[in-house]
Amino acid sequence: MLRERAAPAPWDVHASHGTIRTMKWYADRPARFTRQLVADLLAVGWVGLWIWVATTVHDWVLELRAPGDGLVNAGGDIRDVFTNAAAKARGVPFVGEDLAGALGNGTKAGETLTSAGNAQISVVQDSAFWLATAIVVIPVLFLLITWLPVRLRYARKAANTARLRGMPDLLALRALTSLSPRQLSKFDGDPAVAWRTGDTDVIDELARRQLASVGVKA
């Protein structure tokens with residue numbers, strides 16, 4: 001069975017020249033598959049947790065815009081009052097225009113308050129956005145530096161190993177260079193000599209162990 005090329009697992013992604021190379025994301029063996037799946041779910045949960053934290057902090061910071069909203073509302077009310085008063089003052093004989101001009105200063109004061117409120121609101125909104133962004137980006141970058149390289153390295157190694165399932169001699173050769181001395185010492189005699197002399201039993205056993213080392217079934 002080892003010398004036949006096994007069918008790919010459903011979670012393998014296939015491609016060739018010019019497309020994404022084959023990547024085997026999960027092991028065939030249940031124990032290792034479970035560990036990998038749990039690790040991936042934890043990674044997704046980690047991202048989801050920090051997105052929730054960032055959203056919560058964003059909402060908390062936005063509550064600081066209340067004074068700015070108050071200034072905008074107060075400035076708008078003052079502007080409207082003085083604008084209406086100036087419009088009515090123009091109807092007063094002789095002094096209407098002068099009175100309207102004086103009331104116009106009140107209109108400008110209202111606009112100043114409104115501008116100050118809008119500036120404060122803008123600062124709070126920018127702070128909320130960048131703080132939330134930092135809360136998400138930093139943990140995600142940590143995840144990409146630690147978890148993602150491990151998963152990509154495994155996916156490439158497992159895919160490359162799985163493609164050799166029909167070539168036990170090559171798998172055995174890789175086993176001789178990658179298995180630990182303790183694993184190699186379990187063989188009767190020198191497995192390297194057995195590989196060179198074409199001992200099929202030892203070659204098949206080395207191939208099986210190489211496949212097992214990355215969780216791929218023979």
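**Salt bridges and a nonpolar surface patch**

In this predicted model, arginine 65 forms a salt bridge (a side-chain nitrogen of Lys or Arg within 4 Å of a carboxyl oxygen of Asp or Glu) with aspartate 69, the closest N and O atoms being 2.9 Å apart. Arginine 65 is partly exposed at 25% relative accessibility, and aspartate 69 is likewise partly exposed at 25%, where buried means under 20% relative accessible area, exposed over 50%, and partly exposed in between (1.4 Å probe, protein chains only). Residues are numbered from 1 along each chain as its sequence is written. Local features need pLDDT of at least 70, side-chain atom pairs count only at pLDDT 80 or more, and totals for chains, interfaces and linings use all residues, while side-chain values use heavy atoms, with hydrogens and water left out.

Across the whole structure, five salt bridges are found. In one of them, arginine 151 pairs with aspartate 40, with 2.9 Å between the closest N and O atoms; because arginine 151 lies in helix H3 and aspartate 40 in helix H1 (residues 30-62), this pair ties together parts that are 111 residues apart in sequence. Arginine 151 counts as buried at 7% relative accessibility, as does aspartate 40 at 10%. Helices here are DSSP runs (H or I, at least four residues), numbered from the N terminus.

A further salt bridge joins the side chains of arginine 209 and glutamate 205 (3.0 Å, N to O), both of which lie in helix H7 (residues 200-213), four residues apart, about one turn of the helix. Salt bridges that share partners also join Lys24, Asp28 and Arg165 into one network.

Technical notes. Helices (H or I, at least four residues) and strands (E, at least two) are DSSP runs, numbered from the N terminus.
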